[in-house]
Each structure stands twice: as structure tokens, then as C-alpha cells.
Amino acid sequence: MISARRIILALAVLLASQGAWAQTLSIRDGILGAWSFVSVVSQSDDGRRGEPFGANPQGTIIFTPDGRFSLFQASTKVPRLAANDRARATPEEAMAVVRESIAYHGKYTINEIDSEIFLIIEGSTYANLIGPNPQRRVITEITAMDLAFSNPRTPSGVTLHTVWRRAAP
């Protein structure tokens, strides 16, 4: 039987390694790889809160070492298209797809001092995001397994608080 002392020692080593990871790794190195979408909460200036992609969102964000990123986010309400052809979606189906999902990609830079990510969006399912002006994300948490950041002001005027978990291999 494993002694209590060994269990405590193992937990202490695990916790110390998590702290060491956070202290030795830069944000740039820490965000590299694939992350699974856990949640996003919107907050308006009047305090109203919502879940734009529902309680069980789906998605991935990937950061590469050469400064590129790709993001996909969706709710579980994205409909299957009756025609089985995206070019022949009904107006209602097309509206639901646009309302319930977003994808974009481009370049990113990191401000280590202020814990910020700046995204230059080069392509998107919402073309209004595309352009040379960087979009700012403020990192609120980063560990070996968790990443959280806020988007201080979206085009719709809300702040988004997004949580990601390191994707399983």
C-alpha cells in the first residue's frame, strides 16, 4: 500500500512543477500548440452576461511558433443543412450558421509585460474583422493546461471572457 507520505510528496512535486512551469515559460512559449474551447461569457457595460456559444461550446485555437494562429468557435446549435450542400443553404440555415459559429486566422504578437496578445486577422467567416488593425486580448490566466483571456471590446460592444484548455494529443 502506498504511504500517505509518498502521496503527499508526489502532490508537492506536481504542484511545484506547475509553479516552476509558470515562472520559467514566457507567454509566447506557453501559448504554443492547440487549445480546446471551454467557455466564453459576454459582459455588457450594464452588467448583463451571456454565453454567446451556449453552455457547451466547441472549438479550437492553435498558436504556432512562427506567429500564426487559427481559431474556430461554435455552439452545438449549428444546424445540419437540409440540402447537404453549403452553397444551397436556406436563408434560415445560413443565418443560424453565422449566428452560432465563427472562424478566423492570421498573425499574432505578444506583449509579455502587459500580458497581451495582439491578433491581425487575415481571414474570417465574419469579414468585418479582417484588417491591419491589431485586436487586443488580455491574458488573465496561463498555466500548462489552462489559458484564459478577455477581449475588452467586441464590435457589438461587449467584453468576452474566454477559457481554453490544452488540447489532448
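Okay, let's start with one pair of side chains: arginine 48 and aspartate 46 form a salt bridge, with their closest N and O atoms 2.9 Å apart. Both arginine 48 and aspartate 46 are exposed. Before I go on, please keep in mind that this is a predicted model.

So how many salt bridges does a search of the whole structure find? The search turns up six. In general, side chains of opposite charge can pair when their charged atoms come close. Another of these pairs is glutamate 116 with arginine 136, and here the closest N and O atoms are 2.6 Å apart. Glutamate 116 sits in strand S6 and arginine 136 in strand S7, residues 135-142, so this salt bridge ties together parts that are 20 residues apart in sequence. Is glutamate 116 buried or exposed? Glutamate 116 counts as buried, because its relative accessibility is 9% and the cut-off for buried is under 20%. Its partner, arginine 136, comes out at 37%, so arginine 136 counts as partly exposed. There's also a network: Arg68, Lys107 and Glu122 are joined by salt bridges that share partners.

Okay, let's step back to the overall layout. The protein has three helices and nine strands. Going from the N terminus, the order is α-α-β-β-β-β-α-β-β-β-β-β. There are 169 residues, and 30% of them count as buried. If you take the contacts with a separation of 6 or more, 47% are between residues 24 or more positions apart. The accessible surface is about 10,700 Å², and carbon and sulfur atoms account for 58% of that.

Now for the inside. In soluble globular proteins, nonpolar side chains tend to be buried together. Here, the largest nonpolar core has 23 residues, and Phe63, Tyr104, Ile117, Leu147 and Trp164 have the most contacts inside it. Several strands give two or more residues to this core, including S1 (33-43), S3 (58-63), S5 (101-111) and S9 (159-166).

Let's zoom in on phenylalanine 63. Leaving out residues up to four places away in sequence, phenylalanine 63 touches Ile31, Leu32, Gly33, Trp35, Arg68, Phe69, Tyr108, Ile117 and Leu147.

What about the rings? The structure holds five aromatic pairs. One of them is phenylalanine 63 with tyrosine 108, an edge-to-face pair at 5.0 Å centre to centre, with 80° between the planes. That pair links distant parts of the chain, since phenylalanine 63 is in strand S3 and tyrosine 108 is in strand S5, 45 residues apart. Both phenylalanine 63 and tyrosine 108 are buried. Then we have phenylalanine 69 and tyrosine 104: their ring centres are 6.0 Å apart and their planes are at 75°, so this pair is edge-to-face too. Phenylalanine 69 is in strand S4 and tyrosine 104 in strand S5, 35 residues apart. Phenylalanine 69 and tyrosine 104 are both buried. And Phe37, Phe53, Phe149 and Trp164 form one aromatic cluster.

Last stop: serine 75, in the loop between S4 and helix H3 (91-100). Why does serine 75 count as buried? Because its relative accessibility is 3%. Which residues does serine 75 touch, leaving out those up to four places away in sequence? Phe53, Gln58 and Glu100. The side chains of serine 75 and glutamate 100 are joined by a polar contact of 2.5 Å. A polar atom of the serine 75 side chain also lies 2.9 Å from the backbone nitrogen of lysine 77. As for glutamate 100, its side chain meets that of arginine 99 in a salt bridge, 3.3 Å from N to O. And with 10% relative accessibility, glutamate 100 counts as buried.

Definitions and conventions: Residues numbered from 1 in each chain as written. Predicted model: local features only at pLDDT ≥ 70, side-chain atom pairs only at ≥ 80, totals over all residues. Heavy atoms only, no water. Helix = DSSP H or I, 4+ residues; strand = E, 2+ residues; numbered from the N terminus. Buried < 20%, exposed > 50% of the residue type's maximum accessible area, 1.4 Å probe, protein only. Contact = heavy atoms within 4.5 Å. Areas by Shrake-Rupley, 256 points an atom, 1.4 Å probe, with all protein chains shown as cover. Core = buried A, V, L, I, M, F, W, Y, C linked by side-chain atoms within 4.5 Å. Polar contact = N/O pair within 3.5 Å; in protein donor to acceptor, adjacent residues only side chain to side chain. Phe/Tyr/Trp six-rings, centres within 6.5 Å; stacked < 30°, edge-to-face > 60°. Salt bridge = Lys/Arg side-chain N within 4 Å of Asp/Glu carboxyl O.
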